Amino acid sequence: MASPRAILKRTKSVKNIAKITKTMQMIATAKFKRAFDRAVAARPYTDKLTRLIGKLAEAAGSDYQHPLLEKRPPKRAVLLAISSNRGLCGGFNSNVTRAALLAHRGLMERDLHVETLAFGKRVGNMLRFKKIKPDRIATHIEDKPTFADVDVVALDLLERYAAGEIDEVHVAYTKFVSTARQTAVVERILPLETPADEAPRTGPQQNFVFHPSAEQILSDLLPRSVRLHLFQAFLDSAVSEQTARMVAMKSATDNANDMIRDLTMLYNRSRQTQITTELSEIIGGSAALE
Amino acid sequence: MSDAKRMLTVSVVTPEGAAYEGAAAHVVAPAFDGEMAFYPTHAPLVGVLGFGELRVTRPDGEVEYFYLAGGVVQVADDEVSILAESVTPARKLDANVARKALDDALATPATGEVEIEARLRRADDARARLRVAARAAEHGHLTADQILSQPVQ
């Protein structure tokens with residue numbers, strides 16, 4: 001059995017670890033709240049935009065054509081992987097990496113030239129470790145993505161898509177389903193699904209005045225919905241990261257506390273053993289003298 | 001209910017959150033080709049918005065000024081929903097920043113259709129910012145009625 005002093009030393013260091021993880025858990029909780037509010041704030045916009053696009057698509061008719069809807073034979077695809085710059089958040093980064101790897105393989109099997117963009121240091125490094133060298137690793141979008149930051153990326157993709165340089169854009173990120181569930185998903189953001197397919201039919205139709213025409217408004221809105229989709233992915237990822245870190249740090253703190261309990265018990269026991277040994281030595285010694 | 005009492009329900013939302021939610025007597029929005037005003041009982045409409053000033057007149061007559069950078073407006077059943085790219089309260093605009101943005105935009109060399117268009121958009125945005133900022137400084141001490149009676153330049 002280890003000496004009581006050594007056990008005491010270990011208990012102390014575990015206590016320090018518990019303090020750190022506890023703090024990190026609290027920070028993650030505070031950040032989660034903020035990220036969650038931001039993700040929720042974007043929701044009315046998304047809902048309204050989706051509904052509006054559905055309505056316009058109906059008005060524009062089924063023969064409406066737009067470059068973003070058109071499915072051309074794909075040759076080059078872009079895969080975005082969104083995760084975080086920091087670790088200590090459980091399986092958050094590796095789940096995204098796994099999803100991205102699967103998607104990457106799928107695209108390769110379809111004989112596409114795949115360009116990989118990693119957002120977050122972690123996912124970039126993990127992909128590189130898996131022998132998929134990301135064409136770019138961006139670390140500037142931290143846990144508080146702004147629309148302007150994400151928009152730069154989205155606009156660039158849209159522009160290249162319009163120019164015919166890329167034919168498909170997929171994004172791997174962690175979707176925030178609820179505080180208890182976040183799943184790594186891969187979604188295609190370009191080309192768009194035909195909006196009429198997903199729009200629920202609304203009840204009585206009103207005769208809207210379109211200014212300018214429904215087709216023109218639609219062609220203004222479709223790129224917006226792509227940009228929004230990407231922004232939503234970043235927001236979801238930010239919320240999921242904090243949730244994952246909260247959970248990871250909670251279990252780390254719990255583990256540390258368990259360990260402290262065990263170590264304390266071990267310390268007490270070994271101290272008692274030591275005392276017993278010393279006592280019996282003294283008693284043995286005095287008995288020998290009699 | 002008489003028409004005079006009818007109010008609009010206005011919501012101005014951006015991807016980063018709501019900029020205005022609530023009732024309003026009327027709303028003036030910057031359409032892509034000029035200004036558009038909405039009063040209660042307006043016909044259902046969907047329109048594209050450009051860069052410019054968004055004015056929301058609250059039920060008590062106070063006017064709120066915003067700078068709006070592109071979006072869409074939908075009007076139906078006295079509900080005005082504005083989906084905007086970004087919305088800034090007019091008094092938070094900085095004329096100097098806007099002027100610099102305009103100079104930058106004009107100084108950027110642009111070749112080809114796409115680049116020229118992008119430059120035009122940036123310049124339009126900056127010009128509209130300047131205009132709204134100037135107006136915000138001007139009407140800072142005026143009441144809503146006085147502003148409404150002023151001609152729009």
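Which residue of chain B forms a salt bridge with Arg224(A)? Keep that one in mind as we look around this predicted model.

## Where the two chains meet

Let's begin with the place where chain A and chain B touch. Chain A puts 27 residues into the contact, and chain B puts in 26. One way to talk about a meeting place like this is by area: the size of an interface is often given as the accessible area lost when the parts come together. Here, the area buried between chain A and chain B comes to about 2,200 Å², with carbon and sulfur atoms giving 65% of that. On the chain A side, the residues that lose the most area to chain B are Tyr45(A), Lys48(A) and His211(A), and together they make up 30% of what that side buries.

Now for the opening question. The partner of Arg224(A) is Glu85(B), and the closest N and O atoms of this salt bridge are 2.6 Å apart. It is one of two salt bridges found across the interface of chain A and chain B. You can also look for polar contacts there: nine residue pairs make them across the interface of chain A and chain B.

Which parts of chain A supply the touching residues? The elements giving two or more residues to that side are helix 1 (4-41), helix 2 (43-60), helix 5 (147-162), strand 6 (209-211) and helix 7 (214-289) of chain A. Sort the residues on that side by type and you get 16 nonpolar, four polar and seven charged.

## A strand pairing between chains

The two chains also pair up strand to strand. Strand 6 of chain A runs parallel to strand 5 (residues 45-57) of chain B, and three bridges join them. For an example, find Val209(A): its bridge partner in strand 5 of chain B is Leu45(B).

## Leu228(A), tucked into helix 7

Is Leu228(A) buried or exposed? This residue is found in helix 7 of chain A. Leu228(A) has 4% relative accessibility, so it counts as buried.

What does Leu228(A) touch, once we leave aside its neighbours within four places in sequence? Its contacts are Tyr45(A), Thr46(A), Leu49(A) and Phe147(A), along with Pro15(B) from chain B. If you want a distance to check for yourself, try Leu157(A): it lies 71 residues from Leu228(A) along the chain, and their C-alpha atoms are separated by 13 Å.

## A covered strand in chain A

Next, have a look at strand 1 (residues 76-82) of chain A. How many of its seven residues are buried? Six of them are, so the strand is mostly covered. Strand 1 of chain A pairs with strand 2 (residues 113-119) of chain A in the parallel sense, over seven bridges. To see one pair, pick Ala81(A), whose bridge partner in strand 2 of chain A is Ala118(A).

## Charged pairs

Side chains of opposite charge can pair when their charged atoms come close. Over all chains, this structure holds 23 salt bridges. Some of them join up: Asp151(A), Asp220(A), Arg224(A), Arg227(A) and Glu85(B) are linked in a network of salt bridges. So the pair from our opening question, Arg224(A) and Glu85(B), belongs to that network.

Another salt bridge sits within helix 7 of chain A, where the side chains of Asp254(A) and Lys250(A) meet at 3.1 Å, N to O. The two are separated by about one helical turn because they are four residues apart in that helix. Asp254(A) has 34% relative accessibility, which means it counts as partly exposed. Lys250(A), at 42%, is partly exposed as well.

In chain B, go to Arg55(B), which has its place in strand 5 of chain B. Its side chain meets that of Glu35(B) in a salt bridge (3.3 Å, N to O). This pair links distant parts of the chain: Glu35(B) is in strand 4 (residues 34-38) of chain B, 20 residues apart from Arg55(B). Arg55(B) is buried, with a relative accessible area of 8%, whereas Glu35(B) is partly exposed, at 41%.

Arg55(B) forms a salt bridge with Glu53(B) too, and there the closest N and O atoms are 2.7 Å apart. In this pair, both Arg55(B) and Glu53(B) are buried.

Definitions and conventions: Residues are numbered from 1 along each chain as its sequence is written. Chains are lettered from A and ligands numbered from 1 in the order in which they are written. This is a predicted model: local features need pLDDT of at least 70, side-chain atom pairs count only at pLDDT 80 or more; totals for chains, interfaces and linings use all residues. Side-chain values use heavy atoms; hydrogens and water are left out. Contact means heavy atoms within 4.5 Å. Buried area is the accessible area (1.4 Å probe) that two parts lose on being put together, summed over both. A salt bridge is a side-chain nitrogen of Lys or Arg within 4 Å of a carboxyl oxygen of Asp or Glu. A polar contact is a pair of N or O atoms within 3.5 Å; within protein, one must be able to donate a hydrogen and the other to accept it, and residues adjacent in sequence count only if both atoms are side-chain atoms. Ala, Val, Leu, Ile, Met, Phe, Trp, Tyr, Cys and Pro count as nonpolar, Asp, Glu, Lys and Arg as charged, and the others, Gly among them, as polar. Two strands pair if DSSP finds at least two bridges between them. Buried means under 20% relative accessible area, exposed over 50%, partly exposed in between (1.4 Å probe, protein chains only).
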